[in-house]
Amino acid sequence: LVEGRQFDTYNKLVAFIIHDLNNLIAQQALVVRNAEKHKDNPAFFEDAIKTISNSVDRMNNLLKKLRRDESDLVKRLSILDVVNQAVSECQRNTKLSADIEHTERTLNADQVRLVMTITNFIKNAQEATPDDGRVRVTLRVNNDWATVVIEDNGSGMDWDFIHNRLFKPFETTKSGKGMGIGVYLSREYISELGGTLNVLSA
């Protein structure tokens, strides 16, 4: 039984790593696909270098997590910079808009992990929204709370899925793709930071 539990833990860890690597591969594959088309555009190369640099940082971050020495990854971050970076990483999609309130507020967090948490929700919204739909990211600050709202007019989720399956690892509505881990990991990290996550779907 003990051995079985160890294997179960190991299998879940591997699945989480695969989830993160899939995101990194998708990011780099997009650069490769666009390289031929935009090879004469200096702005594309600047963007490509930033994307690859970001991927390298995230892979190093992943290795540190595996070595369990991630405490040095926690820094004082500007919530404004974090949300802007997450929006920027998803900006290639034209149906995304943002309404970001300027704020000096900060929090202690792992930048790569927090940005990934927000981009995960934005990308899920984009994937669930048709090409003529809209995805909107809003940042509002009130007293000690920063509220990030990610809203879309896509297909939505029913009550049963939200309450019984949405935050279960390995459950997903994406048939044939996705591992159903992103939302679970994102909620875990938001809780770890002392935040809350609310879901509303109509």
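Helices and strands are here taken as DSSP runs, with at least four residues for a helix and at least two for a strand, and they are numbered from the N terminus. With that in mind, colour the whole chain by secondary structure, remembering that what you see is a predicted model, and you can pick out 6 helices and 5 strands. Read from the N terminus on, these elements follow the order α-α-β-α-β-β-α-β-β-α-α.

**The whole chain**

Before selecting anything smaller, switch on the surface and look at the chain from outside. It exposes about 13100 Å², and carbon and sulfur atoms supply 52% of that area. The chain has 202 residues, of which 31% count as buried. If you then turn to the contacts between residues at least 6 apart in sequence, you find that 70% of them join residues at least 24 apart.

**The cavity between the first helices**

Where is empty space left inside a protein? Rolling a probe the size of a water molecule over the atoms shows where such space remains. In this model, a search of the whole structure finds 1 cavity of 30 Å³ or more, and the largest cavity holds about 30 Å³ of space. Select Leu30, Val31, Asn34, Phe44, Asp47, Ala48, Thr51 and Arg92, and you have the residues that line the largest cavity. The elements that give two or more residues to this lining are helix 1, residues 2–37, and helix 2, residues 42–66. Which element gives the most to the lining of the largest cavity? Helix 2 does, with 4 residues. Colouring the lining by class shows 4 nonpolar, 2 polar and 2 charged residues.

**Two residues of helix 2**

Stay with helix 2 and select Ser55, which lies in this helix. Is Ser55 buried or exposed? Its relative accessibility is 0%, and so Ser55 counts as buried, since the cut-off for that word is under 20%. Leaving out residues up to four places away in sequence, Ser55 touches Leu24, Gln27 and Gln28.

Now select Asp57, also found in helix 2, and compare how it is covered. Asp57 has a relative accessible area of 44%, and it is therefore described as partly exposed. From here, draw a distance to Val112, which is 55 residues away from Asp57 along the chain, and you will read 7.8 Å between the two C-alpha atoms.

**Along helix 4**

Move next to helix 4, residues 111–127, and select Arg113, which has its place there. Arg113 counts as partly exposed, at 22% relative accessibility. Its C-alpha atom is separated by 9.4 Å from that of Leu73, a residue 40 places away along the chain.

Thr119 lies in helix 4 as well, and it is worth showing with its surroundings. With a relative accessible area of 2%, Thr119 is buried. When its neighbours within four places in sequence are set aside, Thr119 is in contact with Ala86, Glu89 and Cys90. A C-alpha to C-alpha line from Thr119 to Gln85 gives 8.9 Å, although 34 residues separate the two along the chain.

**The loop between strands 4 and 5**

Select Asn143 next, which you will find in the loop between strand 4, residues 135–142, and strand 5, residues 145–152. Asn143 is exposed, having a relative accessible area of 58%. The phi angle of Asn143 is near 55°, which is a positive value in a residue other than glycine.

**Helix 6**

Finish at helix 6, residues 182–192, and select its buried residues, which are Gly182, Val183, Ser186, Tyr189 and Ile190. Why do they fall on the same side of helix 6? Around the helix axis they cover an arc of only 130°, and this puts them on the same side. An α-helix has 3.6 residues a turn, so residues three or four places apart point the same way.

Keep Ile190 of helix 6 selected for a closer look. Ile190 has 16% relative accessibility and so counts as buried. Apart from neighbours within four places in sequence, its contacts are Thr117, Phe121, Gly195, Thr196 and Leu197. Computed along the chain by counting, Ile190 and Ile118 are 72 residues apart, while their C-alpha atoms are 9.7 Å apart in space. The last stop is Gly194, which follows helix 6 and has a positive phi, near 85°.

How values were computed. Residues are numbered from 1 along each chain as its sequence is written. This is a predicted model: local features need pLDDT of at least 70, side-chain atom pairs count only at pLDDT 80 or more; totals for chains, interfaces and linings use all residues. Side-chain values use heavy atoms; hydrogens and water are left out. On a 1 Å grid over the protein atoms alone, a cavity is a set of points where a 1.4 Å probe fits but cannot get out, and a pocket is an open set with protein on both sides within 12 Å along at least five of seven lines; lining residues have an atom within 4 Å of a point. Grid points are joined across faces, edges and corners, and a volume is the space filled by probe spheres set on the points. Ala, Val, Leu, Ile, Met, Phe, Trp, Tyr, Cys and Pro count as nonpolar, Asp, Glu, Lys and Arg as charged, and the others, Gly among them, as polar. Buried means under 20% relative accessible area, exposed over 50%, partly exposed in between (1.4 Å probe, protein chains only). Contact means heavy atoms within 4.5 Å. Accessible areas come from the Shrake-Rupley method with a 1.4 Å probe; for residues, only the protein chains shown count as cover. The arc is that of the directions from the helix axis to the C-beta atoms.
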